[in-house]
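Hi everyone, thanks for coming along. I'd like to walk you through a structure that is new to most of you, so get comfortable and have a look at the screen.

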Amino acid sequence: MDPVGNLRNDIEVALHRQNLTAWQRTFLTDIHARLERSGGQARLSDKQWQKIFEILGRQNNVIALPPAVGSSYRYRPPATKSLRPHFGRAARRLKWRLRNVAIGFLVVGVVAVGQQAFEFGRGQFQSAPVTMLASQTQEFTVTDGDTVHVVGEAAGTRLVGFNTPEKFSPQCEYERQQGERASARLRELVAHGSGRLTKVACACASGTEGTKKCNHGRYCGTLLVDGKDVGSILISEGLAVPFVCGRTSCPPTPRPWCKG
């Protein structure tokens, strides 16, 4: 949750800093998007809070989290000395060990099945594009002019084929202003048109897709509104520039807004 009511503002201020790593910037952007969607009521883990305050430079903050369900103390009467023969205790120890062995085999089996299901699902994802409709039941939120965040996914989706001005880490005030305009324009297009978001393969080295080495861990996709690519619309309106990558790499990101 947003404990002081202005965590989102603190994150936006931090995103304007130039000394953030790519991972820190992506992490704060994802947290900001979650808080935006939930109106500041998103539940974050202890580790996420720790990373947020570490990046914001507020490492001494103490967070009062609600106690975990089922963690309340229960009174247990003192154990009485057992008068059973020694072989009874040995049998109980053997039973306990056999139970732990069985649980261990069960856990290993579940992990193996889960890994196979993950590999199968990833193969399915790579072989067939996933299409999501931007209907009245909004399926994603707009992070900036060229990035959206699909509800329920941990990472954002970078739209390919164009680049818009940065509003979180601009090189000058004019770029920040243009970045805000590009974000507002993309939200307007999605809200008033029939949109379709399609995941595509990122221009990364083989085996790196889905990791931080590929597009900072984000997905890649195209977004059509009323059948027209939003990148073409933003480019025609002066809010974006073309940015075309190869199969496994991209050229330097174009950022012409602060030149001249």
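Let's start at Thr164. Setting aside the neighbours within four places in sequence, Thr164 is in contact with Gly145, Asp146, Ala182, Leu234, Leu239, Ala240 and Trp257. Please keep in mind as we go that this is a predicted model.

Where does Thr164 sit along the chain? You'll find Thr164 in the loop between β5 and α5, the element at 173–192. Is Thr164 buried or exposed? Its relative accessibility is 1%, so Thr164 counts as buried.

One name in that contact list deserves its own moment, and that is Trp257. Trp257 is placed in the segment after β9, which covers 241–243. Trp257 counts as buried too, because its relative accessibility is 11% and the cut-off for buried is under 20%. Again leaving out neighbours within four places in sequence, Trp257 is in contact with Asn163, Thr164, Pro165, Cys172, Tyr174, Glu175, Gln178, Ala240 and Val241. Take Cys172 from that list: Trp257 and Cys172 are 85 residues apart along the chain, and their C-alpha atoms are separated by 8.1 Å.

Now over to the strands, beginning with β3, residues 147–150. In general, side chains in a regular strand alternate between the two faces of the sheet. In β3, Thr147 and His149 point one way, Val148 and Val150 point the other way, and all of these are buried.

What does β3 pair with? On one side of the story there is β2: the two strands pair in the antiparallel sense over four bridges, and Phe140 has Val150 in β3 as its bridge partner. β2 and β3 form a hairpin, with two residues between them. Then there is β4, which pairs with β3 in the antiparallel sense over two bridges. Here Thr147 has Arg158 in β4 as its bridge partner. β3 and β4 form a hairpin as well, this one with six residues between the strands, and Gly152 in the turn has a positive phi of about 95°.

From β4 we can step across to β7, residues 219–225. Do these two run parallel or antiparallel? They run parallel, joined by three bridges, and Leu159 stands opposite Gly221 in β7.

β7 has further partners to show you. With β6, residues 195–200, β7 pairs in the antiparallel sense over six bridges, and Arg196 has Leu224 in β7 as its bridge partner. With β8, residues 228–229, β7 is joined by two bridges, and those strands run antiparallel. Leu224 turns up again here, standing opposite Asp229 in β8. The hairpin of β7 and β8 has two residues between the strands, and Asp226 in this hairpin takes a positive phi near 55°.

Next, the empty space. Rolling a probe the size of a water molecule over the atoms shows where such space is left. The largest pocket has a volume of about 950 Å³. It is lined by 42 residues, and the closest to its centre are Arg158, Asn215, His216, Arg218 and Thr253. You have already met Arg158, as the bridge partner of Thr147. Which elements give two or more residues to that lining? They are α2 (22–38), β2 (140–144), β4 (157–159) and β5 (161–163), and α2 gives the most, with five residues. By type, the lining divides into 18 nonpolar, 14 polar and ten charged residues.

Last topic: aromatic rings. How many aromatic pairs does the structure hold? There are two. In one of them, Trp23 and Phe27 are stacked, at 5.1 Å centre to centre with 5° between the planes. Both lie in helix α2, four residues apart, about one turn of the helix. Trp23 counts as partly exposed at 35% relative accessibility, whereas Phe27, at 13%, counts as buried.

Trp49 and Phe53 make another stacked pair, with 5.6 Å centre to centre and 20° between the planes. These residues are four apart in helix α3, residues 46–56, so about one helical turn separates them. Trp49 is buried, with a relative accessible area of 3%, and Phe53 counts as buried at 6% relative accessibility.

That's my tour. Thanks for listening, and I'm happy to go back to any part of it.

Notes: Residues numbered from 1 in each chain as written. Predicted model: local features only at pLDDT ≥ 70, side-chain atom pairs only at ≥ 80, totals over all residues. Heavy atoms only, no water. 1 Å grid on protein atoms, 1.4 Å probe; cavity = no way out; pocket = protein on both sides within 12 Å on 5 of 7 lines; lining within 4 Å. Points joined across faces, edges and corners; volume = space filled by probe spheres on them. Nonpolar A, V, L, I, M, F, W, Y, C, P; charged D, E, K, R; others polar. Buried < 20%, exposed > 50% of the residue type's maximum accessible area, 1.4 Å probe, protein only. Contact = heavy atoms within 4.5 Å. Pairing = 2+ DSSP bridges. Phe/Tyr/Trp six-rings, centres within 6.5 Å; stacked < 30°, edge-to-face > 60°.
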